[in-house]
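Q: Please take a close look at one helix of this model and at how the nonpolar residues around it are arranged. A connected account is preferred to a list.

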Amino acid sequence: MDPIQNETMYQVLVFSTILAPIVTALMELLKRSLPRLIPYHALLSLVVGAVLGAAAYPFTDFELTARLWAGGLAGLASAGLYNSFSSRKPPPDK
């Protein structure tokens, strides 16, 4: 793989790591204010992440496609994070 492509993927992953907590917080706000959207949480997370990635134009020098990928990854990570914590079972009683 070309070193330039490796560097771009590394930057996309770092950018999505930065975006993930922001998307998680925004999704929590949306879930609490619009409870009817909870069944569409994963899809909405993907869209919110992509929109945030695209809106981060002044903060990055990526192309639009790289920012959309980073936002989409952050949105999907946010949805997975929420699902893993919301579906935890309490520890069994001894």
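A: In this predicted model, helix α2 covers residues 41-55, 15 residues in all. From its first C-alpha to its last α2 reaches 21 Å, close to the 21 Å expected at 1.5 Å a residue. Its buried residues are His41, Ser45, Val48, Gly49 and Gly53. Viewed down the axis of α2, these residues fall within an arc of 135°, so they line one face of the helix. Leu43 and Val51 are on the other side of α2, and both are exposed.

Val48, one of the buried residues of α2, also belongs to the largest nonpolar core, which has 12 residues. The other members are Val12, Phe15, Leu19, Ala20, Val23, Met27, Ala56, Phe62, Ala66, Ala70 and Ala74. Helices α1 and α3 (64-86) each supply at least two residues of this core, and α1 gives the most, with 6 residues. In soluble globular proteins, nonpolar side chains tend to be buried together.

Some nonpolar side chains lie on the surface instead. Tyr10, Val14, Ile18, Ile22, Leu26 and Leu29 form a nonpolar patch there, with about 560 Å² of accessible area together. Leu29, a member of this patch, lies in helix α1, which spans residues 3-33. Leu29 counts as exposed because its relative accessible area is 57%, and the cut-off for exposed is over 50%. Helix α1 thus holds Leu29 of the surface patch and also contributes 6 residues to the core that includes Val48 of α2.

Conventions. Residues numbered from 1 in each chain as written. Predicted model: local features only at pLDDT ≥ 70, side-chain atom pairs only at ≥ 80, totals over all residues. Heavy atoms only, no water. Helix = DSSP H or I, 4+ residues; strand = E, 2+ residues; numbered from the N terminus. Expected span 1.5 Å × (residues − 1). Buried < 20%, exposed > 50% of the residue type's maximum accessible area, 1.4 Å probe, protein only. Arc of directions from axis to C-beta. Patch = residues over 30% accessible without salt bridge, like charges linked within 9 Å, V, L, I, M, F, W, Y side chains within 5 Å. Areas by Shrake-Rupley, 256 points an atom, 1.4 Å probe, with all protein chains shown as cover. Salt bridge = Lys/Arg side-chain N within 4 Å of Asp/Glu carboxyl O. Core = buried A, V, L, I, M, F, W, Y, C linked by side-chain atoms within 4.5 Å.
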